[in-house]
Amino acid sequence: MTANHTIENESFSLGSGPKLNTTPDAERLIRKQETALGYRIMASWGWGADGSGHITARDPELTDCFWLLKYGVPFGEATIDDLVLVNDVGEVVEGSGEINPAAFYIHAPIHSSRADVVGAIHTHTPYGTPFSARAAPLSMSSQEAVAFHGLQGVYDGEELNVTDLATGQRIADALGQGRLVIMANHGLLTVGASVASSIGFYLNAERAAEVCVKVPDGRVISSNSATQVHRSVGDEINGWHIFQWLVRSRVGDSTVVN
Ligand SMILES: [Zn+2]
């Protein structure tokens, strides 16, 4: 295991959590590793095989800038050297290459509106996209859905291809202080206090959407029960742990992105 290893395989346990009090350089590396691993996790299901989808990671020092995969790299081949840093007007300021313009228009207003958001992920998934055609929130009919109890919004605009910041701002407004925004007729987007948790919760959202699509009339638990269950499944650390499992089960050797 190298010093730059994100995932502490030997010591991973129920008590594991994000590294705290890291230097900016170390924190940047972690965020970049989690971003590249997140793209590979998406690819492990074939998500983004057509190039749709993006993960962004706020820079720990240049906080109005974020990292994402440059355009054209297959998600399953993402490494930290394939990431570029983009500023608040969409210019690549570190690394070289193009970016998907929609990634900037959707993610920039979210990062600028929410100082607490480090990571954000969006792609078009087998259940998230069909569910989004309902233009309605997830029903609290699964454990995974409860992670978004009180933390989901619906963007019902008809700009299915986001081509300007004004539309992105309306999506950010629909997200509000939440964790999930369902973009109607488009797909899901989740955010987190770490890149890892945003990705972990994205999987939760996709699974919850699957339940809603397959069992549209499923039982919905009470608001009181949802509030209680949310305290555990809705904790940021749960999203972080899901990500560690995804790396271990969908990618394997996390050093492939270094
Ligand atoms: Zn999209």
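User: Happy to look at this one together! Which helix does Phe104 lie in?

Analyst: Good place to start. This is a predicted model, and in it Phe104 belongs to the run of residues 101–113. That run is helix 2.

User: Is Phe104 buried or exposed?

Analyst: We can decide by counting neighbours. Phe104 has 23 other C-beta atoms within 10 Å, and 20 or more are needed for a residue to count as buried. Phe104 is therefore buried.

User: Which residues does Phe104 touch, not counting those up to four places away in sequence?

Analyst: Let's look at what surrounds Phe104 from elsewhere in the chain. Asn87 is 17 residues apart from Phe104 along the chain, and their C-alpha atoms are separated by 9.3 Å. With residues up to four places away left out, Phe104 touches Val86, Gly90 and Ile99.

User: How are helix 2 and helix 5 oriented: parallel, perpendicular or oblique?

Analyst: The axes of helix 2 and helix 5 (residues 165–175) come within 7 Å and cross at roughly 50 degrees. Because of that angle, helix 2 and helix 5 are neither roughly parallel nor roughly perpendicular. The arrangement of helix 2 to helix 5 is oblique.

User: Is the crossing of helix 2 and helix 5 left-handed or right-handed, and how do the residues of their contact divide?

Analyst: Helix 2 passes helix 5 in a right-handed crossing. Helix 2 brings Tyr105, Ile106, Ala108, Pro109, Ile110 and Ser113 to the contact, while the residues from helix 5 include Leu165, Gln169 and Ile171. By class, the residues of this contact are nine nonpolar, four polar and no charged.

User: Which residues make the contact of helix 1 and helix 8?

Analyst: Helix 1 (residues 24–44) packs against helix 8 (residues 236–251) at about 55 degrees, with the axes 10 Å apart. That angle makes helix 1 oblique to helix 8, and their crossing is left-handed. The contact is formed by Leu37, Arg40, Ile41 and Ser44 from helix 1, and by Leu246, Val247, Arg250 and Val251 from helix 8.

User: And how many residues of that contact of helix 1 with helix 8 are charged?

Analyst: The contact of helix 1 with helix 8 has five nonpolar residues and one polar residue. The charged residues there number two.

User: Which helix gives the most to the largest nonpolar core?

Analyst: The largest nonpolar core has 65 residues, and Leu68, Val181, Ile199 and Ala205 touch the most other members. Ten residues of this core come from residues 195–214, and that is the biggest share from any helix. The helix in question is helix 6.

User: Which residues does Val181 touch, not counting residues up to four places away in sequence?

Analyst: Val181 is one of the core residues that touch the most other members. Leaving out residues up to four places away, Val181 touches Gly153, Tyr155, Ile171, Ala174, Leu175 and Leu189.

Technical notes
Residues are numbered from 1 along each chain as its sequence is written. This is a predicted model: local features need pLDDT of at least 70, side-chain atom pairs count only at pLDDT 80 or more; totals for chains, interfaces and linings use all residues. Axes are lines fitted to C-alpha atoms, for helices over the stretch in contact, and angles run from 0 to 180 degrees between N-to-C directions. Helices (H or I, at least four residues) and strands (E, at least two) are DSSP runs, numbered from the N terminus. Angles under 35 degrees count as roughly parallel, over 145 as roughly antiparallel, 65 to 115 as roughly perpendicular and the rest as oblique. A crossing is left-handed if the near helix is turned anticlockwise from the far one by less than a right angle, and right-handed if clockwise. Two residues are in contact if their C-beta atoms, placed from the backbone, lie within 7 Å. Ala, Val, Leu, Ile, Met, Phe, Trp, Tyr, Cys and Pro count as nonpolar, Asp, Glu, Lys and Arg as charged, and the others, Gly among them, as polar. A nonpolar core is a set of buried Ala, Val, Leu, Ile, Met, Phe, Trp, Tyr and Cys residues joined through C-beta atoms within 7 Å. A residue is buried if 20 or more other C-beta atoms lie within 10 Å of its own, exposed if 12 or fewer, and partly exposed in between; C-beta atoms are placed from the backbone.
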